[in-house]
Amino acid sequence: MGRIDGTVTGERLRELALYAAMSINARLREFRAGNEGAGYRSLAAVPARRINGESRLLVLYRRAVACLLKADVMERYPDFDSTGSGERRTEDAHDHAGTWRRNASWAVSDITGATRSVVELI
């Protein structure tokens with residue numbers, strides 16, 4: 001996953017990680033309910049291909065949380081430089097944050113089996 005510099009304190013990073021996990025959990029609410037109804041008590045118990053001995057669903061879940069966390073950090077802690085080049089870097093960071101959010105959405109789609117779609121209005 002992406003690197004996060006020391007600008008963000010450990011306490012704040014933990015808070016953002018919890019928020020990211022809660023947000024991904026909310027997106028997976030129906031998926032979870034359906035699987036719990038089928039008798040699966042955890043994501044690891046849901047039948048899925050294994051990658052290196054681990055459920056691919058767990059790998060995708062961690063990716064979704066990590067990508068959303070990275071996007072939040074990029075948006076909340078932009079470059080402190082207020083010059084023109086700093087403003088451009090901030091805009092670039094927001095563009096990159098969108099890429100991380102997209103990756104989180106794709107991971108959720110991969111978990112649920114939904115198709116990936118990107119729609120942009122002109």
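**Exercises on side-chain contacts**

Asp110 is partly exposed, with a relative accessible area of 24%; the classes are buried at under 20% relative accessible area, exposed at over 50% and partly exposed in between, for a 1.4 Å probe and protein chains only. The structure is a predicted model, in which local features need pLDDT of at least 70 and side-chain atom pairs count only at pLDDT 80 or more, while totals for chains, interfaces and linings use all residues. Residues are numbered from 1 along each chain as its sequence is written, and side-chain values use heavy atoms, with hydrogens and water left out.

**Exercise 1.** State how many salt bridges the rule yields, and describe the pair formed by Glu54 and Arg62.

*Solution.*
- Step 1. Apply the rule: a salt bridge is a side-chain nitrogen of Lys or Arg within 4 Å of a carboxyl oxygen of Asp or Glu.
- Step 2. By this rule, six salt bridges are counted.
- Step 3. In the pair of Glu54 and Arg62, the closest N and O atoms are 2.8 Å apart.
- Step 4. Glu54 has a relative accessible area of 25% and is partly exposed; Arg62, with 45%, is also partly exposed.

**Exercise 2.** Determine which parts of the chain the salt bridge between Asp72 and Arg101 ties together, and whether Asp72 is buried or exposed.

*Solution.*
- Step 1. The side chains of Asp72 and Arg101 form a salt bridge with an N to O distance of 2.6 Å.
- Step 2. Asp72 belongs to helix 3 (residues 56-76) and Arg101 to helix 4 (residues 84-112), so the pair ties together parts that are 29 residues apart in sequence. Helices are DSSP runs of H or I with at least four residues, strands are runs of E with at least two, and both are numbered from the N terminus.
- Step 3. Asp72 counts as buried, at 3% relative accessibility, whereas Arg101 counts as partly exposed, at 27%.
- Step 4. Apart from neighbours within four places in sequence, Asp72 is in contact with Leu16, Tyr19 and Arg101, where contact means heavy atoms within 4.5 Å.

**Exercise 3.** Describe the salt bridge of Asp110 with Arg116, and name the residues that shared partners join into one network.

*Solution.*
- Step 1. The closest N and O atoms of Asp110 and Arg116 are 2.7 Å apart.
- Step 2. Arg116 is partly exposed, with a relative accessible area of 45%.
- Step 3. Asp72, Glu75 and Arg101 are joined into one network by salt bridges that share partners.

**Exercise 4.** Identify the residues of the largest nonpolar core that touch the most other members, and the element that gives the most to this core.

*Solution.*
- Step 1. A nonpolar core is a set of buried Ala, Val, Leu, Ile, Met, Phe, Trp, Tyr and Cys residues joined through side-chain atoms within 4.5 Å.
- Step 2. The largest such core has 24 residues, of which Ile24, Leu28, Tyr61, Val65 and Ile111 touch the most other members.
- Step 3. Helix 1 (10-27), helix 3 and helix 4 are the elements that give two or more residues to this core.
- Step 4. The greatest contribution comes from helix 3, with 11 residues.
- Step 5. Leaving aside neighbours within four places in sequence, Leu28 is in contact with Tyr61, Val108, Ile111 and Thr112.

**Exercise 5.** Locate Asn52 and classify Asn52 as buried or exposed.

*Solution.*
- Step 1. Asn52 is placed in the loop between strand 1 (50-51) and strand 2 (54-55).
- Step 2. Although Asn52 is not a glycine, this residue has a positive phi of about 55°.
- Step 3. With a relative accessible area of 81%, Asn52 is exposed.
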